[in-house]
Amino acid sequence: MAVKLTWLGHGSWAIETEGHHLLLDPFLNDSPTAPIKAADAQADAILISHGHFDHVADAAEIAQRTGATVYSNFEICQWLSKQGVEKTEPMNLGGAVDAPFGRVKSTIAHHSSELPDGAYGGNPGGFLLALAGKSIYFACDTALFLDMKLIGAAGLDLAVLPIGDRFTMGPEDSIEAVKLLSPKRVAPAHYNTWPPIEQDVQAWAERVRVHTSAEPVVVEPGGVIEV
Ligand code: NI
Ligand code: MN
């Protein structure tokens, strides 16, 4: 059974797998490119990569309304608990948990993670997901790092990489990331939300085709990728 990923703009994704609804880094109400609002989001699990506003913004509201379980680092889980989120699965880098929908591993990211109110947001991370027999890696907000080779070692059906530059790796480094990860397919994220992270995504896709063995998959916000 296919895993269905819907890009909700920026670093936000809705993931459907075997009847489960996951949300990654929901930033909807204040995102200029999100195709839905937080009130319309469906979730039984919410994954949060780090503490920045454009990743945690709507997490508490959606978790409270849906009763979804939040998977994130220990500090962000605690912060969300204080806002009335009842179910959390705290993790830390390198650790994995078996969830009702699959396996979630917390991977390193080179970034920062302060929460919107100035609280310490722990270490930023990415996620390696095993869903319905598929391996999907979300780098989330990060610079390029050589250990991506380890993350891709067991084989990836899809890697989702930031290409916006300025706050994360840009197109050039994302090509190096694809070479290290060797995924079958690669999708871009964290670009074209605002002018400072505008990118020519078709030019990026062409570079992926020319310089790597991965197939680029580009969708508009609201668009679906099946894995
Ligand atoms: Ni960030
Ligand atoms: Mn971000």
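Which hand does the crossing of helix 5 and helix 6 have, right-handed or left-handed? This tour of a predicted model ends at that crossing and starts with the sheets.

Residues are numbered from 1 along each chain as its sequence is written, and chains are lettered from A and ligands numbered from 1 in the order in which they are written. Local features need pLDDT of at least 70, side-chain atom pairs count only at pLDDT 80 or more, totals for chains, interfaces and linings use all residues, and side-chain values use heavy atoms, with hydrogens and water left out.

**First sheet**

Select strands 6, 5, 4, 3, 2, 1 and 14. In that order, these seven strands form an open sheet with mixed pairing. Helices (H or I, at least four residues) and strands (E, at least two) are DSSP runs numbered from the N terminus; two strands pair if DSSP finds at least two bridges between them. At the edges are strand 6 (88-91) and strand 14 (224-226), each pairing on one side only. From one strand to the next the twist averages 20°.

Go to the edge at strand 6. Strand 5 (residues 69-73) pairs with strand 6 in the parallel sense over four bridges, and Val70 stands opposite Thr88 there.

Add helix 3 (residues 74-82), which packs on the sheet and touches strand 5 and strand 6. Contact means heavy atoms within 4.5 Å. The direction of helix 3 makes about 135° with that of strand 5; axes are lines fitted to C-alpha atoms, for helices over the stretch in contact, and angles run from 0 to 180 degrees between N-to-C directions.

Now show the side chains of Ile76, Cys77, Trp79 and Leu80, the buried residues of helix 3. Buried means under 20% relative accessible area, exposed over 50%, and partly exposed in between (1.4 Å probe, protein chains only). These buried residues cover an arc of only 160° around the axis, so they lie on the same side of helix 3; the arc is that of the directions from the helix axis to the C-beta atoms. Their cover includes helix 1 (53-56), helix 2 (59-66), strand 5 and strand 6.

**Second sheet**

Select strands 7 to 13. Seven strands in the order 7-8-9-10-11-12-13 form an open sheet, again with mixed pairing. Its edge strands are strand 7 (96-99) and strand 13 (215-216). At the strand 13 edge, strand 12 pairs with strand 13 in the parallel sense over two bridges, and Arg185 stands opposite Glu215.

Two loops are worth a stop. Ala132, in the loop between strand 9 (125-131) and strand 10 (134-138), has a positive phi near 50° and is partly exposed at 24% relative accessible area. Ser182, in the loop between helix 5 and strand 12 (185-189), has a positive phi near 45° and is partly exposed at 47%.

**Helix 5 and helix 6**

Helix 5 lies across strand 10, strand 11 (158-162) and strand 12, at about 155° to strand 11. Helix 6 lies across strand 12 and strand 13, at about 155° to strand 12.

Select residues 171-181 and 201-211: the axes of these two helices come within 10 Å and cross at roughly 35°. The crossing of helix 5 and helix 6 is right-handed, meaning that the near helix is turned clockwise from the far one by less than a right angle. Pro171, Glu172, Ser174, Ile175 and Lys179 of helix 5 make the contact with Trp204, Arg207, Val208 and His211 of helix 6. Four of the contact residues are nonpolar, two polar and three charged. Ala, Val, Leu, Ile, Met, Phe, Trp, Tyr, Cys and Pro count as nonpolar, Asp, Glu, Lys and Arg as charged, and the others, Gly among them, as polar.
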